[in-house]
Amino acid sequence: MNRLQFFKLVWIPLLTIVILASGFFLGRVTMNPAELNDLEPVSDDKREILYWQAPMDPSEIYDGPGTSKMGMDLIPVYAQENQQKSDSSVLIDPAMVQNMGIRTSPVQRMDFTRMIRTVGEVQYDEEQLYHVNTKISGWIENLHVHFVGDQVQAGDSLIEIYSPELVATQQEYILALQNVHLASKSTLTSVLEDAEKLLASTRTRLEYWDIPASEIERLSETGEIKKTIVLTAPTTGVVIERNAIVGSYVDIGEDMFTIADLRTVWVHASFFENEVPWIRDGQPVEMRLSYLPGKTYSGKISYIYPYLREKARDVHVRLIFSNPDLDLKPGMYANVELQGKVISDAVVVPSEAIIRSGARAIVFIALGEGRFEPREVLLGEEGGPNNNYIRILDGLQGEEEIVVSAQFMLDSESRLQETIQKMLAAKNPVHSTEPDSGSEVSAESMMHHEHHHH
């Protein structure tokens, strides 16, 4: 066989096969986009795609795959896989969950309490304030306490008052006492009884003027009449008011001294409305002073005033502290700290997990596989570590996993998907129409289309 015959029998058929195969391949490569769209992608994912959205802007949605305005590949949003799940749940593509920075945390059960800090002012214990006055009028002849701030002991002499009425009553008492001695020698019983009644009446008058019993006994034994009456300190404390001047006239009931026993003091503090549920009568408190760093004083709540101060919008609370060393001086400001009452086995979540929308409070439950469910909850007290937790009264059981970061984006996504699903249902309830690839669908255009359709 010569070369020409070999070329015709062998090489020409081989070249023909190569050319035909190349033409078929080139024809498939140059297939138009419409034909490409008819090709089924090889994928095991059989979920229904509702729409496509931009990974960085959930409000940027499209009917089909493509790229967003920022040049990023669109992410599919699928229909719900399990219809038994809540209709209010939202499904987010895992890639978008990562882009949104969603963090979750388990709902906690704990012994719930709160540390409350406020500022208080030291004041006198009003139950330990004593006014020194006289029940008889006269002139001040001598003062034993001259200055405000002087410390006195119970029974110390404070002031001497000359009273003509007191002198006359002492004279009457001595005469009545003498009459009793004379009447005791009489055989008439009525005479003795009358003398004893007069003596008792005069003694009672001296007692009503706060003349000590020892002074009355001294008067009975010696018969010596004193010109002045001495007023003594009713308690140990500090003189905080003095209205007495030597030589001045004082009338009955006029206050001359005020003595405060500073061995106990009151501290007045204020608490905000949301802190009131944590406090109660008798609750222990601690206090620190800026001028004595490192020293802590222990006290308790003695009274919670039953009204709210309108301007400050706070509740006034009275605390009581022991002050044996007199370190706590009225007028001082102090830092007050108390541990609130403990609520056992409370269901609590971080404050950042709560979405407050009007009258409702919402948390998002992480159901897994990119699905999140909004749940309405009833809020209780705020407290816990750093006061960053909220007690849940209703809506959670304490076993759920909740979203604690980017939940506002989830809330926006949930509302957006709900709106879009309603619009898509109005546009095409079966979702069988294949949209043009890359055509952007805005919420406004859908609403316009829905309005036009109706």
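In which sense do strand β7 and strand β16 pair, and over how many bridges? I looked this up in a predicted model. Strand β7 covers residues 115–124 and strand β16 covers residues 264–272. I noted antiparallel pairing over 5 bridges. For one residue pair in this ladder, I found that glutamate 121 has histidine 268 of β16 as its bridge partner.

Next I looked at where the two strands belong. They are part of a closed barrel of 6 strands with antiparallel pairing, in the order β7-β16-β19-β18-β17-β20. I noted an average twist of 40 degrees from one strand to the next.

Then I turned to the aromatic rings. I found 5 aromatic pairs in the structure. One of them joins tyrosine 303 and tyrosine 305, with 5.0 Å centre to centre and 85 degrees between the planes. I entered this pair as edge-to-face, because its angle is 85 degrees and planes over 60 degrees apart count as such.

I checked the accessibility of both partners. Tyrosine 305 has a relative accessible area of 17%, so it counts as buried, the limit being under 20%. Tyrosine 303 has 32% and is partly exposed.

I also followed a cluster of Trp139, Tyr162 and Tyr249, linked by ring pairs. Tyrosine 162 has a further contact: the charged end of lysine 227 sits over its ring, 5.1 Å from the centre.

Last, I went back to strand β16, residues 264–272, for tryptophan 266. Arginine 318 lies over the face of tryptophan 266, and I noted 4.2 Å from the ring centre.

Key: Residues numbered from 1 in each chain as written. Predicted model: local features only at pLDDT ≥ 70, side-chain atom pairs only at ≥ 80, totals over all residues. Heavy atoms only, no water. Pairing = 2+ DSSP bridges. Helix = DSSP H or I, 4+ residues; strand = E, 2+ residues; numbered from the N terminus. Axes fitted to C-alpha atoms, helices over the stretch in contact; angles between N-to-C directions. Phe/Tyr/Trp six-rings, centres within 6.5 Å; stacked < 30°, edge-to-face > 60°. Buried < 20%, exposed > 50% of the residue type's maximum accessible area, 1.4 Å probe, protein only. Lys NZ or Arg CZ within 6 Å of the ring centre and 35° of its normal.
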